[in-house]
Amino acid sequence: DMDNDLHRLQKIADRFSKIGSKPDLKDENLADVIEKVIHYFQRRIPQTGKRVQIALDQRNTVFAHVNRELFEWVIENLTKNALDAIETGEGRITISLFERTKHVYIDVTDTGKGVDPIHRKEIFRPGFSTKKRGWGLGLSLSQRIIESYHRGKLLLKDSKPGVGTTFRIRLRKF
């Protein structure tokens with residue numbers, strides 16, 4: 001476990017070192033990147049006392065030009081927020097991966113509490129949070145990584161109080 005913790009701390013340090021520098025983008029199988037994040041959370045969910053299923057919904061192999069470490073970080077942030085939004089102790093997070101003619105899409109959908117309509121315009125603002133802990137940087141950092149480094153778009157696609165939320169990442173195909 002200590003080796004895993006050390007590896008995790010090194011990964012976090014590496015991610016921060018990439019912020020502000022020119023990203024190294026490579027063609028990556030997005031399902032591989034997402035599955036790694038899902039596996040990370042599946043090992044940790046039992047410790048939260050929640051029963052949450054996380055699944056990848058994918059129809060075919062999808063590649064995109066990404067920085068693996070930074071893109072992984074975005075998926076982790078969205079998954080962590082989805083997990084936090086599931087307050088009932090039971091729920092589901094589905095990460096859908098698909099492509100169209102010009103774009104690749106990643107939807108992260110949860111069955112959580114939803115985003116209050118009065119907060120919709122603020123959720124990507126640095127420092128904004130409805131949680132008791134944290135700095136309110138996850139969504140703003142994720143948006144910056146997707147938009148500045150990957151030249152894509154991160155947006156709140158849909159949210160219904162008491163039903164759940166979907167965040168969408170759109171990346172251009174190269």
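**Exercise 1. Determine whether Phe 167 is buried or exposed in this predicted model, and describe its surroundings.**

Solution.
Step 1. Take the relative accessible area of Phe 167, which is 8%.
Step 2. Compare this value with the cut-off: buried means under 20%. Phe 167 is therefore buried.
Step 3. Locate the residue in the chain. Phe 167 belongs to strand β7, which covers residues 164-172.
Step 4. List its contacts, leaving aside residues up to four places away in sequence. Phe 167 touches several residues, among them Leu 78, Ile 106, Asp 107, Phe 124, Leu 139 and Leu 156.

**Exercise 2. State how the rings of Phe 124 and Phe 167 are arranged, and where the two residues lie in the chain.**

Solution.
Step 1. Recall the two quantities required. A pair of aromatic rings is described by the distance of the centres and the angle of the planes.
Step 2. Begin with the count for the structure, which comes to three aromatic pairs. One of the pairs is formed by Phe 124 and Phe 167, with 6.1 Å centre to centre and 90° between the planes.
Step 3. Apply the cut-off for the angle: planes over 60 degrees apart count as edge-to-face. The pair of Phe 124 and Phe 167 is edge-to-face.
Step 4. Place the partners. Phe 124 is in the loop between β5 (103-110) and α4, while Phe 167 is in strand β7; the pair links distant parts of the chain, 43 residues apart.
Step 5. Check the accessibility of the partner. Phe 124 has a relative accessible area of 17% and is therefore buried.

**Exercise 3. Compare the expected span of helix α4 with the distance between its end C-alpha atoms, and name its buried residues.**

Solution.
Step 1. Helix α4 consists of twelve residues, 138-149.
Step 2. The expected span is 1.5 Å times one less than the number of residues. For α4 this gives 16 Å.
Step 3. The end C-alpha atoms of α4 are 16 Å apart, which agrees with the expected span.
Step 4. The buried residues of α4 are Leu 139, Ser 140, Ser 142, Gln 143, Ile 145, Ile 146 and Tyr 149.
Step 5. Consider what follows the helix. Just after α4, Arg 151 takes a positive phi of about 50°.

**Exercise 4. For the salt bridges Arg 51 with Glu 90 and Asp 107 with Arg 168, give the N to O distance, the strands involved and the accessibility of each partner.**

Solution.
Step 1. Recall the principle. Side chains of opposite charge can pair when their charged atoms come close. The structure holds 13 salt bridges.
Step 2. The side chains of Arg 51 and Glu 90 meet at 2.2 Å, N to O. Arg 51 lies in strand β2 (residues 51-58) and Glu 90 in strand β4 (residues 90-99), so this salt bridge ties together parts that are 39 residues apart in sequence.
Step 3. Arg 51 is exposed, at 58% relative accessibility, and Glu 90 is partly exposed, at 45%.
Step 4. For Asp 107 and Arg 168, the N to O distance is 2.7 Å. Asp 107 is in strand β5 and Arg 168 in strand β7, 61 residues apart, and the pair links distant parts of the chain.
Step 5. Asp 107 is buried, with a relative accessible area of 7%; Arg 168 is also buried, with 18%.

Conventions. Residues numbered from 1 in each chain as written. Predicted model: local features only at pLDDT ≥ 70, side-chain atom pairs only at ≥ 80, totals over all residues. Heavy atoms only, no water. Helix = DSSP H or I, 4+ residues; strand = E, 2+ residues; numbered from the N terminus. Buried < 20%, exposed > 50% of the residue type's maximum accessible area, 1.4 Å probe, protein only. Contact = heavy atoms within 4.5 Å. Phe/Tyr/Trp six-rings, centres within 6.5 Å; stacked < 30°, edge-to-face > 60°. Salt bridge = Lys/Arg side-chain N within 4 Å of Asp/Glu carboxyl O.
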